[in-house]
Amino acid sequence: MPEVTPGETGDGVQIDLISGARMEGLTSMEKIRLILDGVRDGNIVVLEEGLSPDEESKLIEVTMTEISPDEFNGIEIETYPHSQTGSQGFLGRLMGKGSDKKLTVIGPANQIETLHKDENLISALVSRK
């Protein structure tokens, strides 16, 4: 059997499904590093519980500093459902009771293309490099 490098599974693309329990004990930077290391290896990363808005912003910020034309083209990130805080009452938002149950899909920008997205479905085309 030929040797397979991380992110390369023969004819397919590796998908890392990361549980909320795995992410729970990590700091924001540890989460970002875990995600970016997987994506840089060419993997699609799926987070069961997503990231906070601040963590998503930091992920994008760190990604921008690591982009290089020959090695890393950046990430594509899609999350659903969107935060429900917009449909909550003022008191719920004030008390921080927004819904954080969301699935997040992150992959290399040159390998994942979002074809369709709505509140119940993300349809993406994933290609080999």
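**Reading salt bridges and a sheet**

Modeller: Let us begin with one contact: Glu55 and Lys31 form a salt bridge in which the closest N and O atoms are 3.1 Å apart. Please keep in mind that this is a predicted model. The pair links distant parts of the chain, since Glu55 belongs to helix H3 and Lys31 to helix H2 (residues 28-40), and they are 24 residues apart.

Colleague: What is the general idea behind such a pair, and are Glu55 and Lys31 buried or exposed?

Modeller: In general, side chains of opposite charge can pair when their charged atoms come close. In this case both Glu55 and Lys31 are buried.

Colleague: How many salt bridges does the rule count, and which residues are joined into one network?

Modeller: The count comes to 7 salt bridges. One of these pairs joins Glu78 to Lys117, with 2.9 Å between the closest N and O atoms. This pair, too, links distant parts of the chain, with Glu78 in strand S5 and Lys117 in strand S7 (residues 112-117), 39 residues apart. Glu78 has a relative accessible area of 14% and therefore counts as buried, whereas Lys117, with a relative accessible area of 30%, is partly exposed. As for the network, Arg33, Asp37, Arg40, Glu66 and Glu71 are joined into one by salt bridges that share partners.

Colleague: Within that group, how are Asp37 and Arg33 placed in helix H2?

Modeller: The side chains of Asp37 and Arg33 meet in a salt bridge at 3.2 Å, N to O. Because they are 4 residues apart in helix H2, about one helical turn separates them. Asp37 is partly exposed, with a relative accessible area of 38%, and Arg33 also counts as partly exposed, at 31% relative accessibility.

Colleague: Let us turn to the sheet. In what order do the strands stand, and which are the edge strands?

Modeller: The general idea is that strands of a sheet pair through backbone hydrogen bonds, either parallel or antiparallel. Here 4 strands form an open sheet in the order S3-S4-S6-S5, and the pairing is mixed. The edge strands, each of which pairs on one side only, are S3 (15-18) and S5 (75-80). On average, neighbouring strands of this sheet are turned by 15° against each other, direction ignored.

Colleague: Where does helix H3 pack, and which strands does it touch?

Modeller: Helix H3 (residues 53-66) packs on the sheet and touches S5 and S6, and its direction makes about 170° with that of S5. Ile60 lies in this helix, H3, and counts as partly exposed because its relative accessibility is 41%. Together with Met64 and Ile67, Ile60 forms a nonpolar patch on the surface, with about 280 Å² of accessible area for the three together.

Colleague: How should I read the pairing on either side of strand S4?

Modeller: S3 and S4 pair in the parallel sense over 4 bridges, and Asp16 stands opposite Val45 in S4. Strands S4 (residues 44-47) and S6 (residues 103-108), by contrast, run antiparallel and are joined by 3 bridges. In S6, Ile106 is the bridge partner of Val45, while Thr104 is the bridge partner of Leu47.

Colleague: Which side chains of S4 point one way, and which the other?

Modeller: In a regular strand the side chains alternate between the two faces of the sheet. In S4, Ile44 and Val46 point one way, Val45 and Leu47 point the other way, and all are buried.

Notes:
Residues are numbered from 1 along each chain as its sequence is written. This is a predicted model: local features need pLDDT of at least 70, side-chain atom pairs count only at pLDDT 80 or more; totals for chains, interfaces and linings use all residues. Side-chain values use heavy atoms; hydrogens and water are left out. Two strands pair if DSSP finds at least two bridges between them. Helices (H or I, at least four residues) and strands (E, at least two) are DSSP runs, numbered from the N terminus. Axes are lines fitted to C-alpha atoms, for helices over the stretch in contact, and angles run from 0 to 180 degrees between N-to-C directions. Contact means heavy atoms within 4.5 Å. Patches are made of residues with over 30% relative accessible area and no salt bridge: like charges are joined within 9 Å, nonpolar side chains (Val, Leu, Ile, Met, Phe, Trp, Tyr) within 5 Å. Accessible areas come from the Shrake-Rupley method with a 1.4 Å probe; for residues, only the protein chains shown count as cover. A salt bridge is a side-chain nitrogen of Lys or Arg within 4 Å of a carboxyl oxygen of Asp or Glu. Buried means under 20% relative accessible area, exposed over 50%, partly exposed in between (1.4 Å probe, protein chains only).
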